[in-house]
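Morning, everyone. Please look at the sequence and the model on the screen while I talk.

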Amino acid sequence: LQIRSDKDKEIHIRYSITGVGADQPPMEVFNIDPVSGRMYVTRPMDREERASYHLRAHAVDMNGNKVENPIDLYIYVIDMNDNRPEFINQVYNGSVDEGSKPGTYVMTVTANDADDGTTANGMVRYRIVTQTPQSPSQNMFTINSETGDIVTVAAGLDREKVQQYIVIVQATDMEGNLNYGLSNTATAIITVTDVNDNPPEFTTSTVKQPQKGVRTSVVITQDLTGGMMGQAGSRSWGGMGLPTITCTHSHFSFSQPKGPREKIQHFAAAVDYEMNRAFMLTVMVSNQAPLASGIQMSFQSTAGVTISVTDVNEAPYFPTNHKLIRLEEGVPTGTVLTTFSAVDPDRFMQQAVRYSKLSDPANWLNINATNGQITTAAVLDRESDYIKNNVYEATFLAADNGIPPASGTGTLQIYLIDINDNAPELLPKEAQICEKPNLNVINITAADADIDPNVGPFVFELPSVPSAVRKNWTITRLNGDYAQLSLRIMYLEAGVYDVPIIVTDSGNPPLYNTSVIKVKVCPCDENGDCTTIGAVAAAGLGTGAIIAILICIIILLTMVLLFVVWMKRREKERHTKQLLIDPEDDVRDNILKYDEEGGGEEDQDYDLSQLQQPETMDHVLNKTPGVRRVDERPIGAEPQYPIRPVIPHPGDIGDFINE
């Protein structure tokens with residue numbers, strides 16, 4: 001492209017361009033020779049990125065003055081076939097009913113081409129490449145080449161034979177020209193949906209022998225072949241509903257099928273070998289919905305089933321479970337309570353039943369292993385913690401010797417009738433009252449572990465011995481369970497008093513108990529409350545006792561102080577005496593041990609000169625061998641000790657002995 005002004009012969013003109021693709025992004029796609037006015041493309045152009053450009057051309061003189069008015073330039077990019085068709089999805093899913101007529105719509109596939117759709121470059125055409133499986137025909141479907149609609153083209157779709165087809169679809173531009181166009185492929189999965197074109201029928205029957213008495217044992221399984229379309233539920237089965245299974249015998253019931261070719265389970269209800277050893281059944285299956293139009297077949301199917309019952313070892317059972325007996329508490333050990341026996345339902349098996357305890361929390365019972373007779377192993381106490389609502393519960397086991405052995409459990413409940421075996425206890429155990437009467441009283445009651453009629457009303461009374469009890473105290477009855485304890489005399493010295501009270505219940509025969517209540521008698525204020533001094537006095541300490549305690553404490557402290565002073569003085573004297581003896585004159589190392597005992601007072605007249613160190617050893621050396629005094633130094637080698645510089649004076653030793 002070249003632009004030129006008519007005035008270029010008269011003056012020198014410079015040309016330039018502005019706009020998108022020149023001085024606006026994308027920059028410098030186009031360039032112009034400022035002298036000749038020729039325009040050039042500087043790089044490859046993509047129509048799919050930008051299809052057209054709008055530029056303005058300018059002509060000015062050498063001074064930059066406008067010579068011509070700007071002109072508009074419109075540049076269009078010509079399309080080339082450089083893009084393949086692209087499918088929206090790589091996999092398409094569709095469905096069609098079995099038995100559909102040719103021309104039935106299935107699904108639509110769509111591919112887009114980025115090239116110019118007004119030219120052959122962007123015109124897409126569709127075709128089916130392959131079909132899997134190729135049954136009953138290799139061309140069961142066709143596709144509209146322009147719209148992509150897939151429809152059936154042949155009859156014979158049968159879900160019972162082929163449930164799914166996989167079709168490869170190709171999209172080609174250049175109006176489908178395979179020589180010049182670009183292509184792409186996608187997968188179409190076509191599911192053949194079921195319609196009610198087959199009546200249900202039994203194809204196989206497998207008979208199993210149920211265990212007697214078991215309600216959920218499977219006895220027959222049968223395959224169901226028609227009238228079903230996939231998952232459970234009437235809506236997902238094409239609106240036809242589930243097939244109905246019926247049986248002519250009331251002891252048996254069928255599980256209803258939940259899917260195609262579903263196995264039917266036949267359940268036995270309380271089948272007993274001892275009652276029936278075999279059953280003959282007629283089972284019928286039928287569709288809830290009618291067959292599709294044009295199907296001339298019966299809508300139901302029947303089958304005969306023979307069921308044989310196999311005898312198995314059944315567990316013994318207790319006919320009465322839970323068994324309840326009533327008796328009074330306190331029956332002696334070894335008392336026979338009842339016979340708790342089990343029944344073995346296996347009449348045709350010679351088996352023995354043995355009994356044992358399974359649960360006996362208080363260990364009160366014994367059971368005979370052979371006949372199930374239950375006796376007491378201890379005294380039954382209704383007031384025990386093992387009793388709940390007057391009932392004691394124990395569990396026993398009955399086991400046979402079959403192969404394999406079987407066992408059953410039974411529960412024995414013993415309702416204990418209360419007897420009057422607990423005396424009442426006085427409450428409270430401690431109380432407080434003023435030393436003067438008419439200020440306050442003590443409310444008393446009683447607690448009894450028994451129940452009616454062996455509890456209240458209670459009788460409260462004071463014993464006649466000691467006589468001071470009735471002299472100082474009195475009891476006033478309030479009702480059957482409560483009474484009041486108060487002072488009889490006008491004044492009672494503060495202190496703690498043990499007041500015995502006899503409490504008698506209403507049992508037959510009645511029981512009584514003498515309980516002691518500790519009553520603190522104390523001085524009270526005008527409100528009837530114990531004062532602080534009164535509380536101390538009520539603790540059992542009078543004024544004289546308190547003074548005596550204080551005097552004893554003072555005497556004890558004085559004795560401790562005197563003992564400490566005496567010990568310190570003795571320690572000081574001992575230290576002073578040690579200083580009187582020179583450590584170098586300590587003669588304790590020279591005192592010899594004698595094996596002779598002294599004569600008491602007769603040995604007090606001793607010669608101190610004998611304790612002196614001999615001046616010489618001549619009198620020892622001249623002795624006859626073998627004869628020496630026991631207080632003499634031995635002759636011969638002996639340990640050498642350092643020689644003292646000064647020999648102690650005999651007077652020092654004497655003073656030491658006197659001390």
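I will cover a sheet, and then the aromatic pairs.

A word of caution: this is a predicted model.

Start with the sheet. It is open, has 3 strands, and runs in the order 8-12-11. The pairing is antiparallel. Which strands sit at the edges? Strand 8, residues 105–108, and strand 11, residues 141–143, are the edge strands. Each of them pairs on one side only. On average, neighbouring strands in this sheet are turned by 25° against each other, ignoring direction.

Now take strand 8 with strand 12, which covers residues 149–152. They pair in the antiparallel sense, over 3 bridges. What stands opposite Thr108 in strand 12? That is Asp149. In general, strands of a sheet pair through backbone hydrogen bonds.

On to the aromatics. How many aromatic pairs does a search of the whole structure find? The number is 10. One aromatic pair is Phe87 with Tyr126. Their rings are 6.4 Å apart, centre to centre. The planes make 50°, so the pair counts as tilted, since that class lies between under 30 degrees for stacked and over 60 for edge-to-face.

Where do the two residues lie? Phe87 is in strand 6, residues 86–87, and Tyr126 is in strand 10, residues 125–132. The pair therefore ties together parts that are 39 residues apart in sequence.

Buried or exposed? Phe87 has a relative accessible area of 7%, so Phe87 is buried. Tyr126 has 8%, and Tyr126 is buried too.

One last item. Phe318, Phe340, Tyr355 and Phe396 form one aromatic cluster.

Terms used. Residues are numbered from 1 along each chain as its sequence is written. This is a predicted model: local features need pLDDT of at least 70, side-chain atom pairs count only at pLDDT 80 or more; totals for chains, interfaces and linings use all residues. Side-chain values use heavy atoms; hydrogens and water are left out. Two strands pair if DSSP finds at least two bridges between them. Helices (H or I, at least four residues) and strands (E, at least two) are DSSP runs, numbered from the N terminus. Axes are lines fitted to C-alpha atoms, for helices over the stretch in contact, and angles run from 0 to 180 degrees between N-to-C directions. Rings of Phe, Tyr and Trp (its six-membered ring) pair if their centres lie within 6.5 Å; planes under 30 degrees apart count as stacked, over 60 as edge-to-face and the rest as tilted. Buried means under 20% relative accessible area, exposed over 50%, partly exposed in between (1.4 Å probe, protein chains only).
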